[in-house]
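These are my notebook entries on one structure, taken in the order in which I looked things up. I began with the charged pairs and went on to a sheet, the surface and the overall totals.

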Amino acid sequence: MATSGRGGKSLVADRRYIAQKVAGTTGGRGTPPPKKPAARKAAPRRQGNILTRFITGIGRIIWGTFWRVGAVCIMVLAGIVFYFYQQLPPVADLLDGRAKGSVTLLDRNDTVFAWRGETFGGQITADTVSPYLLHAVVATEDKRFYQHFGVSPRGIASAISINLAAGRGPLEGNGGSTITQQVAKLLCLGVPYNASQWKSETAYEADCRSGGVTRKLKEIPYSIAMEAKYTKEEILTIYFNRAYLGAGARGFEAAAQRYFGISANQVNPAQAAMLAGLLKAPSKYAPTNNLKRAQDRANVIIDLMAEQGYLTPEEAADARAHPAQLSDAAQTKSGGFFADWVMETAPDFLTSTTTEDVLMRTTLDQKLQRDAEEALAWVFDNKVAKGSKAQAAIVVMSADGAVRAMVGGRKTENAGAFNRATQASRQTGSSFKPFVYAAALDLGWSPSDYVEDVPLTLNIPGSGKWTPDNYDHKFKGLITLTQALEESRNIPAVRVSEAVGRDAVAAIAKGFGIQSDLAAGPALALGASESTLIEMTGAYAGILNGGSAVTPYGLVELKLKGEDESLMGAGGGIGERVISETAAKLLTFMMAKVVESGTGTKARLDGRPAAGKTGTTSAARDAWFIGFTADYVAGVWIGYDDNTPLKGVTGGGLPAEIWHEVMTRVEDGVPVTELPLIIPEYRNPPNAATASNQPVDPNAEFPQDPIFQEQSSEPSVPMMNPSDDQVEALLKDILKGDNQ
């Protein structure tokens, strides 16, 4: 309340009231003047010159553009990643990415000796694989694998730096790819193989593995999507199963089995390092191509594992001191030609173009295969001029036609090489003569019958006169069939062939499996026709087994891997009878004389009976020796691929020596078994029955065979009448024990 009084203070309005009054004042005398508006502060003067201001403005524009474009790129990347994420299938669907299957070949003991196609050893995971192998792969391919999210900027920068320093383009050579990016390549960024869009699976895979900026840009979102979809262990699992590791091995399980004969969960540090080293260049570092180079590469991996703490110094030193070695099957490369041949005996859809994994049980004997290979190498190293380009082939089989070993050529170990044992048709020469005598013996003739070895001229309709000659240009006069074959006399062979009929001889040869066209003229008896080594060896097997034809075979059983049911059985074996058992045993006797004292003496085996026949063709372009023991038949051919004549080589020379070396090794440790032969009864030569009351049997050294059948003493071979001088000379030779 206000107070009054003369001496009092002047009245003062209540502050609240004044405030209200002031608030309601519209002017007037007692109204205080309005406050002047505060003076506006002057804008600060821009610092710097016009150039600086221009650069700053440009920077602001660039930054604004950059973060906006960056934001858009991140959104686009996220969309692409999400798309790939949605497309990625379960891990199990990605482990076997082969478009075709494989063929695993087993020998007669069910041991693996060869593979064809890309093999898949079976699914393995990061949890089941050997820890050494897992660590070797990570140490070699992506040491920051567990830290990044599919892409490693540091790795890419390092790779670019290395490439530039080496004078290459920034993305040429080292790519800085993470394991995840490598898996993206293996999966071809999710694009499946389509035969209608690609010339071949090889072209498809080459495109998937191509480099360049475009490919890298595609890999990034796909790799990130995989990192989001799968765990690190699952990504490694895909990698372990799909990586190609040389020699047709797809995945580490297949590679471990192929190179070391063990599972990928059993490999030691040295083996793990060698397998991991294959990732850089599978064909180059495959131990089957160059073991020393593969071991050197493995040492680099061992060093990396030690540096990154995956191996102790002691473990690393032990791995270097004991490098990985190939298994026996991988090391010997045995049976390459055999494997190619047996693959051809089955349908393509079960072999070369199969989409399944196939198992083939075969007749191959790896011990005999090594024997054949070593024997051939030994002869060429010790008895042939260095640098010789002469080729050779060998076939070893059982009497039923089961092929036990096959060498298709020298220094041609690659799969698919020309196989001279099965593909080369060459003139057979005198190795054909046993079929001539087989025809005669089957008609009832005896090895003791006589034939003339004197000059002969035949008139060939349409060709004129033909006069065959003997290899030594000499004539022996009246000789037995045994001696004629033993010494490989040409004229007696022609006389016998003409006597029994060429058709009969051709029928015998065809019956024993000679499928090639046979010569129509009298030169048929001298081996003017062509044949393959496997056909000829199979024909001789027919003689050994008692006169029945055989079809050479290598396949015993074919089935899908993991299945019990067989899809195919044996593709050959013993067939119909061609000549009588008696005829076969008599012919075996004659062929045994070839090895004992005839043209094939270099093939003789110490303490073991053997029979066979030499063969040398016109101008010595081909040289053969085919023979058998009671256990195996073996055929050997030597010649040049371009038909260049051999120098100083006949069937009784190098081929017989190779045969000897092969069979010495093959029969080592095998009990001695006598040949199934019949020793023929000795016969007096014509017109000389009374020359001696006690004729000498030139075959007395052979034990008498109880199966022997009595035969007529009359000669069965049409011949010219010999002179008294010829008969007298022959008798003198016989009395001296001369079988020549």
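Entry 1, a pair between helices. I looked up Lys185 and found that it forms a salt bridge (a side-chain nitrogen of Lys or Arg within 4 Å of a carboxyl oxygen of Asp or Glu) with Glu219, the closest N and O atoms being 3.9 Å apart. Lys185 belongs to helix 5 (residues 179-186) and Glu219 to helix 7 (residues 213-229), so the pair ties together parts that are 34 residues apart in sequence. Here helices (H or I, at least four residues) and strands (E, at least two) are DSSP runs, numbered from the N terminus. I noted that Glu219 is buried at a relative accessible area of 0%, where buried means under 20%, exposed over 50% and partly exposed in between, with a 1.4 Å probe and protein chains only.

Entry 2, on the source. The model is predicted, so I kept in mind that local features need pLDDT of at least 70 and that side-chain atom pairs count only at pLDDT 80 or more, while totals for chains, interfaces and linings use all residues. Residues are numbered from 1 along each chain as its sequence is written, and side-chain values use heavy atoms, with hydrogens and water left out.

Entry 3, a pair between strands. Glu557 forms a salt bridge with Arg361, and their closest N and O atoms are 3.3 Å apart. Because Glu557 lies in strand 15 and Arg361 in strand 5, this pair ties together parts that are 196 residues apart in sequence. Glu557 is buried, with a relative accessible area of 17%, whereas Arg361 counts as partly exposed at 28% relative accessibility.

Entry 4, a pair at a loop. I then turned to Arg489, which forms a salt bridge with Asp453, the closest N and O atoms being 2.9 Å apart. Arg489 sits in the loop between helix 18 (481-486) and helix 19 (490-500) and Asp453 in strand 9 (residues 450-453), so parts that are 36 residues apart in sequence are tied together by the pair. Both partners are buried, Arg489 at 4% relative accessibility and Asp453 with a relative accessible area of 0%. I also recorded that salt bridges sharing partners join Asp110, Arg361 and Glu557 into one network, and that a search of the whole structure finds 22 salt bridges.

Entry 5, the sheet. An open sheet of four strands has the order 2-1-5-15 with mixed pairing, two strands being paired if DSSP finds at least two bridges between them. Its edge strands, each pairing on one side only, are strand 2 (112-117) and strand 15 (555-560). Strand 5 (residues 358-362) pairs with strand 15 in the antiparallel sense over five bridges, and Val358 stands opposite Leu560 in strand 15.

Entry 6, the surface. Where does Trp63 lie, and is it buried or exposed? I placed Trp63 in helix 2 (residues 50-87), and at 56% relative accessibility Trp63 counts as exposed.

Entry 7, totals. I closed with the secondary structure, which comes to 24 helices and 19 strands, and with the buried residues, which make up 48% of the 740 residues in the protein. Among contacts (heavy atoms within 4.5 Å) between residues at least 6 apart in sequence, 72% join residues at least 24 apart.
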